[in-house]
Amino acid sequence: MTSLNQPFPQSRPLPAVGVQPRLPPGRGPVTGRPVVPVDWFRRMPQGGTVHMRKLGADSPGAWFVVP
Amino acid sequence: MSSPVASPHALHAAIAPAVVLVDERRTLYRLAADVLAPGTGLSDNLLDHPIVRYEIGRALAGHGGLEPALLHRAAGLRVRDAGVALAADPQAADLLEAPLRIIAPPGTSPRPLTEADGARFEAVVTIVTEGVRLFRQLAPEMAVDLLAHVSMLAVLRAETSGGVVSASSRYVPGIVLIDEPSTPMEVAEALVHEGAHEKFFDLAITREFLDVYAEDVEYFENSWSHARWPLEQTFAAWHAYSCLAQFSTVCQGQHLGPISLLPKARERADEIGRWLLEHEHDLRADARWLLHAMSGDGGAPDRSGVDTSVTSEVREGDRFRVVPGIRFRRAASGRVVVARAGQPPEVFWLGVEAGWLVDRLGHDGLVQSFDAVAAKAAADWQVDPSTAEARLRIALGPLIANLIVERAS
């Protein structure tokens, strides 16, 4: 049985690019933006993650009240 | 779309192990509390509390201030250890008013089961305990990865749940609400589903996933209910379905109820993932990387796309300091998060060199010359002086533009 903790049998190696190893300052390529604003708390989207019995799926939350 | 290249937990860990992510989340909330209510001094345990995070989140969104008394009242919520902290307090309906209101379908008032329900609650404790154990048994590493982000579980009385099977909210991160379960497998699936959302919430506030423009872009319409979702919800749904699809591979032989999403999860994850790949330009770097890596298309983009031509012009003798009023904290990972008081406060994560520089300049308005800082950087980083200066200039430009660091006369 495939273990959840192992790659799928048909897996390929993880791409070499992407998330960089955590390097100390001054080492390796310059990665990521020097200053990243956290916008998460400013956005107040409608919609949420309510799994409803009637729809059987994540539902768009018309009822998802912005506090 | 081909099959995933690796399990979600391995890809999550490539961004940051759960323990690192949780520490960085705590660091952000602790900094926010420093700015909103100086001297509050919240413990890690309190910082993990969903209601504490709700109150801090409200203040960061500009919806009022932070009342320390509210936080300590929330902390009094009694829980039962069921493998996760299960809300048990007879006052839970009052203390958890916010998440119960937020996830309630129209015309309903979900109420939590508590110790006041006696044997009925004890039966639920047993099922939840078994459900957590089952999750850990079937998918031990996924359980560690996702449950690290679930601080509390509340079970809704079946006659009040209004059709909610399971729910979580970006506004009250850390709490999962589920309908009164019949089987441990229902609990296990709900923890995968909602735990994936909780993981995403923590990724979204500590890494580069979505920006302020996420609300303005095209909506996704799914084929199975024709619901239309904004980008954030689309990404969250794709992430949850991807985790559920992976979990389904170890659930052979388990009895699944008629509303289980496990049999549909792979197909739905692929459908949403195809749409996201067509709209990946609307995602930030870490979200794009996770999308490609989990989709297994071999096209995970390089995140090192920093425009190094935007550097700060530094003249001989220039001196710098952290702008007065700026507060910052360093996470155990070394990453630095910065906050500026205001209505609402502003929060920023810094890159490694920018974080080093702000940490070096310090809180107290200490003025330091660029030459002295660069010399220290070259020594600390064990690089030649010209490399240190070049990297500091790359960091200084955005730090100055965002009013975190300023020139001192």
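Colleague: Why are α1(B) and α9(B) called oblique to each other?

Modeller: This is a predicted model, and the angle comes from its helix axes. Helix α1 (residues 8-15) of chain B packs on helix α9 (residues 140-147) of chain B at about 45°. Angles under 35 degrees count as roughly parallel, and 65 to 115 as roughly perpendicular. The pair falls in neither range, so α1(B) and α9(B) are oblique. Their axes lie 9 Å apart.

Colleague: What is the hand of the crossing, left or right?

Modeller: α1(B) passes α9(B) in a left-handed crossing.

Colleague: Which residues meet where α1(B) contacts α9(B)?

Modeller: From α1(B) come B:Pro8, B:His9 and B:His12. From α9(B) come B:Glu141, B:Met142 and B:Asp145. By class, that contact has two nonpolar, two polar and two charged residues. Pro and Met count as nonpolar, Asp and Glu as charged, and His falls among the others, hence polar.

Colleague: What makes helix α4 of chain B mostly covered?

Modeller: Ten of the eleven residues in α4 (residues 50-60) are buried. The cut-off is 20 or more other C-beta atoms within 10 Å. Among the residues that pass are B:Arg53, B:Tyr54, B:Glu55 and B:Ile56. Just after α4(B), B:Gly62 takes a positive phi of about 90°.

Colleague: How much of chain A is buried?

Modeller: Buried residues make up 36% of its 67 residues. Chain A has three strands and zero helices, in the pattern β-β-β.

Colleague: Why do β1 of chain A and β9 of chain B count as edges of their sheet?

Modeller: The open sheet has four strands in the order β1(A)-β11(B)-β10(B)-β9(B), paired antiparallel. β1 (35-37) of chain A and β9 of chain B each have a single partner strand, so one side of each is left without a neighbour in the sheet. On average, neighbouring strands here are turned by 25° against each other, direction ignored.

Colleague: How do you know that β1(A) pairs with β11(B)?

Modeller: Pairing needs at least two bridges. Three bridges join β1(A) to strand β11 (residues 346-350) of chain B, and the two run antiparallel. A:Pro37 has B:Phe348 as its bridge partner in β11(B).

Colleague: How many bridges link β9 and β10 of chain B?

Modeller: Five bridges link β9 (residues 326-330) and β10 (residues 336-340), in the antiparallel sense. B:Arg330 stands opposite B:Val336 in β10(B). β9(B) and β10(B) form a hairpin with five residues between them. In the turn, B:Gly334 has a positive phi of about 100°.

Colleague: Which helix lies across β9, β10 and β11 of chain B?

Modeller: Helix α2 (residues 18-36) of chain B does, running at about 150° to β9(B). Over 145 degrees counts as roughly antiparallel, so α2(B) is roughly antiparallel to β9(B).

Colleague: Why do β12 and β13 of chain B stand at the edges of the three-stranded sheet?

Modeller: The order of that open sheet is β12-β8-β13 (chain B), with antiparallel pairing. β12 (368-369) and β13 (405-407) each have a single partner strand, so one side of each is left without a neighbour in the sheet.

Colleague: What makes β8(B) and β13(B) a pair?

Modeller: Strand β8 (residues 319-322) of chain B meets β13(B) over three bridges, antiparallel. At least two are needed. One of the bridge partnerships joins B:Phe320 to B:Arg407 in β13(B).

How values were computed: Residues numbered from 1 in each chain as written. Chains lettered and ligands numbered in written order. Predicted model: local features only at pLDDT ≥ 70, side-chain atom pairs only at ≥ 80, totals over all residues. Buried ≥ 20, exposed ≤ 12 C-beta atoms within 10 Å, placed from the backbone. Axes fitted to C-alpha atoms, helices over the stretch in contact; angles between N-to-C directions. Left-handed = near helix turned anticlockwise from the far one by under 90°. Contact = placed C-beta atoms within 7 Å.
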